[in-house]
Amino acid sequence: MAEGAGRDAGIFASACVCGVASGMFGISGGALLVPLLGLLFAFTQHRAQGTSLVAVIPPTGILAVLAYSKEGFVSWRTGLLLIPGVFFGGIAGGALAKKIRPQRMRQIFAVILFLLGAVQAVFTR
Amino acid sequence: MVCARRVTRTAVWLIILLQMTLVILLLGLGVGVLVGLLGIGGGVVLVPALVYLLHLDQHMAQGTSLFVLLPPVGVGALREYWKQGQVDLRAGVLCALGMLLGAYAGSFVALPLASRTLKALFGCFLMLAAILLWAKPRLDGSVSRRSEEQHHG
């Protein structure tokens, strides 16, 4: 039981870190949560992804959105147009993930992400 | 003459608007597939896409991305994982709580920063996230093999 409580506390603390990244960078935090659950708490890949999806279902970013919108940093129209696509795409992706081994897919994604990050970090005009 | 020109201008404007709308809709769809496939929220792709494809300012892209992620866009994907029993509900709820608090704190770090500083920081963060994503599979393979052995043994 103590071990369970320690694990819970650890997971909560990791999620807090992901949350800070989420508010800072306007992301859901799942991109950080998935590898952390796997690396620190020995979740299998599929389980880490399913659990991360639970964490992004409630509007965890609501306080952050309010803070951004107070400064006028939300494009509501663009956002509203994006939502249906992300929703239906999510269903397709979830069904696809069952069929393929996401290992290679994730590595390709990691490379794209790294290059994207490098471009953002270097070309900051 | 004038009337014709106005009609043409309106038509061009409409086409551009339609094009933009279509681009945004397709972008959403592409991001959504990644959400389901990788169990992420989609912001890591959404923010750069908004910056480079739609030319939003870094702060604006982040605020908009956070807004897009407010409704449960991942619920369809979650259902697929749930059917396979690949969900740790207790851990997920704990993570949601932690992220609610953390995100609020994080927004206060980001908002006073200059856009270009934030953009550079975001780039560094993406690289870190990429390394973590890459690092995972090796360990995953060994863990699942170990649990398989336990099941058999």
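**Entry 1, the two chains together.** I began with the meeting of the chains and found that 93 residues of chain A are in contact with 96 residues of chain B; I note here that the model is a predicted one. I then looked up which elements supply the side of chain A that touches chain B, and those giving two or more residues are helix 1 (2-25), helix 2 (30-41), helix 3 (45-56), helix 4 (62-70), helix 5 (76-99) and helix 6 (102-122) of chain A. Helix 5 of chain A gives the most to that side, with 21 residues. Sorting the side of chain A that touches chain B by class, I found 56 nonpolar, 31 polar and six charged residues.

**Entry 2, chain A by itself.** I looked up the secondary structure of chain A, which has six helices and zero strands, and its pattern along the sequence reads α-α-α-α-α-α. The C-alpha atoms of chain A fill a box of roughly 45 × 35 × 35 Å along the principal axes, and of the 125 residues in chain A, 54% are buried.

**Entry 3, a helix pair in chain B.** I turned to helix 2 (residues 43-52) and helix 3 (residues 58-68) of chain B, whose axes come within 9 Å and cross at roughly 140 degrees. Why do I call helix 2 of chain B oblique to helix 3 of chain B? The crossing angle of roughly 140 degrees is the reason, because only angles over 145 count as roughly antiparallel. The crossing of these two helices of chain B is right-handed. Among the residues making the contact are Leu46(B) and Leu50(B) of helix 2 and Ala61(B) and Ser65(B) of helix 3 of chain B, and the residues of this contact divide into six nonpolar, five polar and no charged.

Terms used:
Residues are numbered from 1 along each chain as its sequence is written. Chains are lettered from A and ligands numbered from 1 in the order in which they are written. This is a predicted model: local features need pLDDT of at least 70, side-chain atom pairs count only at pLDDT 80 or more; totals for chains, interfaces and linings use all residues. Helices (H or I, at least four residues) and strands (E, at least two) are DSSP runs, numbered from the N terminus. A residue is buried if 20 or more other C-beta atoms lie within 10 Å of its own, exposed if 12 or fewer, and partly exposed in between; C-beta atoms are placed from the backbone. Two residues are in contact if their C-beta atoms, placed from the backbone, lie within 7 Å. Ala, Val, Leu, Ile, Met, Phe, Trp, Tyr, Cys and Pro count as nonpolar, Asp, Glu, Lys and Arg as charged, and the others, Gly among them, as polar. Axes are lines fitted to C-alpha atoms, for helices over the stretch in contact, and angles run from 0 to 180 degrees between N-to-C directions. A crossing is left-handed if the near helix is turned anticlockwise from the far one by less than a right angle, and right-handed if clockwise.
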